[in-house]
Each structure stands twice: as C-alpha cells, then as structure tokens.
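Biologist: I am new to this structure, and I would like a close look at one part of it, the pairing of charged side chains. Please take me through it slowly, and add whatever else helps to place it.

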Amino acid sequence: MNKLSRDFYMGDTVTTARELLGKYLVRQMSGNMIAGRIIETEAYIGAIDKACHAYNGKVTPRTKTLYGPPGHAYIYFIYGMYHCMNVVTEPEGQASAVLIRGLDIVKGFDTAAGLRYGTVKLSPYQIRNISNGPGKLCMALDLTRELNGCDLLGDELYITDGLPGVDNVTWPVKATKRVGIDYAEEAKDFLWRFI
DNA sequence: TTCAGGATGTACT
DNA sequence: GTACATCCTGAAC
C-alpha cells in the first residue's frame, strides 16, 4: 500500500475525481482503524462551477480550505446536521475539490457501525446504508470539522492505492450528472460525478 | 418499494 | 429571512 502523493492531487480535478475511484480512504484513531474503498465521487471547480461554495472567487471562512494546497481534507457542515468530505485538488489558490460521495467499508466495520449507529448489531438495511452517501460516510468515519484542513499525507486521515489483505477491485466507471444541486443551472449538467 | 416532510447551523441577501 | 454538495422516519403502494 502506498499513500497517494501530493502530486496526485495537484492535477486536473475531474481527472483526479475519476482516479480516486477504487482507492482507499483510511481513518486512524486511537487504537482503531477504518478503511473504505471509494465508490463514488464528484468534482467541484470553484472558478467555473456555480455549484461550488467558492464559485467565482468567493472566499468565506468555510471555503478557505478549498484555496489551500492540494492533498488536504475539506470537511464542511451542511443542512444543520451532516458533514461532507472533499479532497482539495490543484495548486494553492485554485478553489477545487473532489467530493467523496460513497464508500465501501473494508476494515474496521464494527468501529464504523458503532460511530454511525451506536451499535455493532445492524439490520441488513443499516449495513447497506452505512456509508453510501456523503453525510453517512462522514458519520461512519467520524469525520467532523475538527479534521477540516487535515493533511491527507499525515497519519490521521489518508488515501492509499491498496491495503494489505484487501483485493483491489475494478469495475466500469460511469460518468453521470451530479445530484442535489439543481440551483446551479447549467453547471448541474456537467458529467462530473463518477460511480 | 417509493415518497413527502422535518431536522437544523452556517453563509449569504 | 432564505437556501443549502443530506439523511431518516413513517406512510402509502
């Protein structure tokens, strides 16, 4: 397993979004580790994307991280109760990021279940829904604003191209329209969502 | 199995 | 005051 390098995040955001599929998001906590395969992403590019919080050079306390150097986590609070996690891409000064929308938990399932539901005994319905959405995966991995701006080349939260004992899986990549952003007008039609 | 409605903090008008 | 990169619950098919 190798951590993805800073260079990986430096390039084009849409390309990075596609390449993040199948990679592993790893969360290290005291004594516990949770890892999940990335199965769904979306690209957000501040300069030209009305859906992005930082569209047209907007800077707010919330979006500040987006302008920072690549390879950092941008975690924000939405709808009053949920978090979403992005990976900051492109060089410092470019407000671009890849939203992680879906994960397949491959390590530390019980720990993730405890964080998300408060129990390790889950119904099939709960197992299916443990991390198949941006808000859900943040609950399962305990991603909060505490980790906003966290360096993905550090030890607490990072992304690798493989894990010991876990087979890499590949499957056809689909590019689709993004969801939940109808207000963004023409930007909602960009094929920037990858499954 | 799908659907409508509510919860709720932050940022922007 | 309004809208938001969401999810869960409960009700109807």
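Modeller: A salt bridge here is a side-chain nitrogen of Lys or Arg that lies within 4 Å of a carboxyl oxygen of Asp or Glu. The model is a predicted one, and by that criterion it holds eleven salt bridges. In general terms, side chains of opposite charge can pair when their charged atoms come close.

A good place to begin is the pair formed by Arg101 and Glu42, whose side chains meet in a salt bridge with an N to O distance of 3.3 Å. This pair links distant parts of the chain, with Arg101 in strand 5 and Glu42 in strand 2 (residues 32-45), 59 residues apart. Arg101 counts as buried because its relative accessible area is 15%, a value under the 20% that sets the limit for the term. Glu42 is buried too, as its relative accessibility is 0%. Salt bridges that share partners extend the picture and join Glu40, Glu42, Arg101 and Arg193 into one network.

What surrounds Arg101, once its neighbours within four places in sequence are left aside? The residues in contact with Arg101 are Glu40, Thr41, Glu42, Asn132, Gly133, Pro134, Leu137, Val179 and Arg193, while Arg101 itself belongs to strand 5, which covers residues 96-107. One of these contacts, Pro134, has its place in helix 5 (residues 134-140) and counts as buried, at 14% relative accessibility. Not counting residues up to four places away in sequence, Pro134 touches His83, Cys84, Leu99 and Ile100 as well as Arg101. Pro134 and Asn86 lie 48 residues apart in sequence, and the distance between them from C-alpha to C-alpha is 9.3 Å.

Two further salt bridges also connect separate stretches of the chain, and the loop after helix 5 supplies a partner to each of them. In one, the side chains of Asp151 and Arg6 meet at 3.1 Å, N to O. Asp151 lies in the loop between helix 5 and strand 6 (157-160) and Arg6 in helix 1 (residues 6-10), so the pair ties together parts that are 145 residues apart in sequence. Both partners are partly exposed, Asp151 with a relative accessible area of 26% and Arg6 with one of 25%.

In the other, Arg27 and Asp142 meet through their side chains at 3.8 Å, N to O. Because Arg27 lies in strand 1 (residues 24-29) and Asp142 in the loop between helix 5 and strand 6, this salt bridge ties together parts that are 115 residues apart in sequence. Here the two partners differ in their cover, since Arg27 is buried with a relative accessible area of 5%, whereas Asp142 is partly exposed, with a value of 30%.

Charged groups also lie over aromatic rings in this model: the charged end of Arg145 sits over the ring of Phe77, 4.7 Å from its centre, and the charged end of Arg178 sits over the ring of Tyr44, again 4.7 Å from the ring centre.

To set beside these charged groups, there is a nonpolar patch on the surface, formed by Tyr79, Met81 and Tyr82, with about 400 Å² of accessible area together. Met81 is found in the loop between strand 3 (73-78) and strand 4 (82-88), and it is exposed, with a relative accessible area of 58%.

Note on methods: Residues are numbered from 1 along each chain as its sequence is written. Chains are lettered from A and ligands numbered from 1 in the order in which they are written. This is a predicted model: local features need pLDDT of at least 70, side-chain atom pairs count only at pLDDT 80 or more; totals for chains, interfaces and linings use all residues. Side-chain values use heavy atoms; hydrogens and water are left out. Patches are made of residues with over 30% relative accessible area and no salt bridge: like charges are joined within 9 Å, nonpolar side chains (Val, Leu, Ile, Met, Phe, Trp, Tyr) within 5 Å. Accessible areas come from the Shrake-Rupley method with a 1.4 Å probe; for residues, only the protein chains shown count as cover. Helices (H or I, at least four residues) and strands (E, at least two) are DSSP runs, numbered from the N terminus. Buried means under 20% relative accessible area, exposed over 50%, partly exposed in between (1.4 Å probe, protein chains only). A charge sits over a ring if NZ of Lys or CZ of Arg is within 6 Å of the ring centre and within 35 degrees of the ring normal. Contact means heavy atoms within 4.5 Å.
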